[in-house]
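Here's a quick tour of a single chain, with the charged pairs up front and the pockets after that. Have the viewer open as you read.

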Amino acid sequence: MSELTNEIVLRPRFHVTLKTEIEQLQEFFDAMNRNGFLINRLDEHIYIRFKKADTNFWTPQLHLELSSYEKGISNIRGVFGPNPTLWTFFMFLHFGVGTIFIILGIFAYSKHSLGKDVTLWLLGMFLLVVIWIALYAFGRLGKSKGEGQMNQLKQFFRDAISGFQRI
């Protein structure tokens, strides 16, 4: 598993290839010791979350996707991220700010082409850029607050797959 870096990402990802059949991995995750985690499997998707008592607003979860393109070789793709509802709302805010920015830009261009004052439109666009930067900073803050729990999830996953041969 590649180490997490300080890249500009809010949802770190990794990829692991194991020498085993996908069915063995599915059975393994179905029967594994939970150690304080909630593990749900839906076909090839596995969700590892903290128990309710250990969660807060910034608590991450680990989503694993199992795939196999060769007999005897399985791939695991993992994504650390917040609760899906929180992530969807967060993305909705980003797209909303972007959409309003574009609309204000269209109005500013129209007013400018008519020879009218565009100061308020440009001020609104500047304000939206500030809001977008604040949203991004808020997301980075959340990632840093959840980093300890993310490391716990990462260690739990490493311990879980330690019995399998990595490729």
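How many salt bridges does the count come to? It comes to two. Keep in mind that this is a predicted model. Here's the pair of contacts side by side:

| Salt bridge | N to O distance |
|---|---|
| Glu21 and Lys71 | 3.9 Å |
| Asp30 and Arg41 | 2.8 Å |

Let's take Glu21 and Lys71 to begin with. Their closest N and O atoms are 3.9 Å apart, and a salt bridge needs the nitrogen within 4 Å of the carboxyl oxygen, so the pair counts. This contact links distant parts of the chain, 50 residues apart. Glu21 sits in the loop between strand E1 (13-18) and H1, while Lys71 is in the loop between strand E4 (61-70) and E5. As for solvent, Glu21 is partly exposed at 25% relative accessible area, and Lys71 counts as exposed at 75%.

Now for the other one, where the side chains of Asp30 and Arg41 meet at 2.8 Å, N to O. Asp30 belongs to helix H1 and Arg41 to strand E2, so this salt bridge ties together parts that are eleven residues apart in sequence. Both ends are partly exposed: Asp30 has a relative accessible area of 40%, and Arg41 comes in at 32%.

Just past that strand there's a backbone detail to look at. Asp43 lies in the loop between strand E2 (37-42) and strand E3 (45-50). Its phi is near 55°, a positive value in a residue other than glycine. Asp43 is also exposed, with 51% relative accessible area, which is over the 50% cut-off.

On to the pockets. The largest one holds about 340 Å³ of space. It is lined by 21 residues, and the closest to its centre are Trp58, Pro82, Leu86, Gly139 and Gly142. Strand E5 (73-81), H2, helix H3 (119-145) and helix H4 (147-161) each give two or more residues to that lining. By type, the lining splits into 15 nonpolar, four polar and two charged residues.

The second largest pocket has a volume of about 260 Å³. Of its 13 lining residues, Arg49, Thr55, Asn56, Thr59 and Asn83 are closest to the centre. Here the lining divides into six nonpolar, five polar and two charged residues.

And how confident is the predictor? The chain averages a pLDDT of 89, with 94% of the residues scoring at least 70. Confidence is lowest in helix H1 (residues 22-31), at a mean of 88, and highest in helix H2 (residues 84-113), at 94.

Conventions. Residues numbered from 1 in each chain as written. Predicted model: local features only at pLDDT ≥ 70, side-chain atom pairs only at ≥ 80, totals over all residues. Heavy atoms only, no water. Helix = DSSP H or I, 4+ residues; strand = E, 2+ residues; numbered from the N terminus. Buried < 20%, exposed > 50% of the residue type's maximum accessible area, 1.4 Å probe, protein only. pLDDT = per-residue confidence, 0-100. 1 Å grid on protein atoms, 1.4 Å probe; cavity = no way out; pocket = protein on both sides within 12 Å on 5 of 7 lines; lining within 4 Å. Points joined across faces, edges and corners; volume = space filled by probe spheres on them. Nonpolar A, V, L, I, M, F, W, Y, C, P; charged D, E, K, R; others polar.
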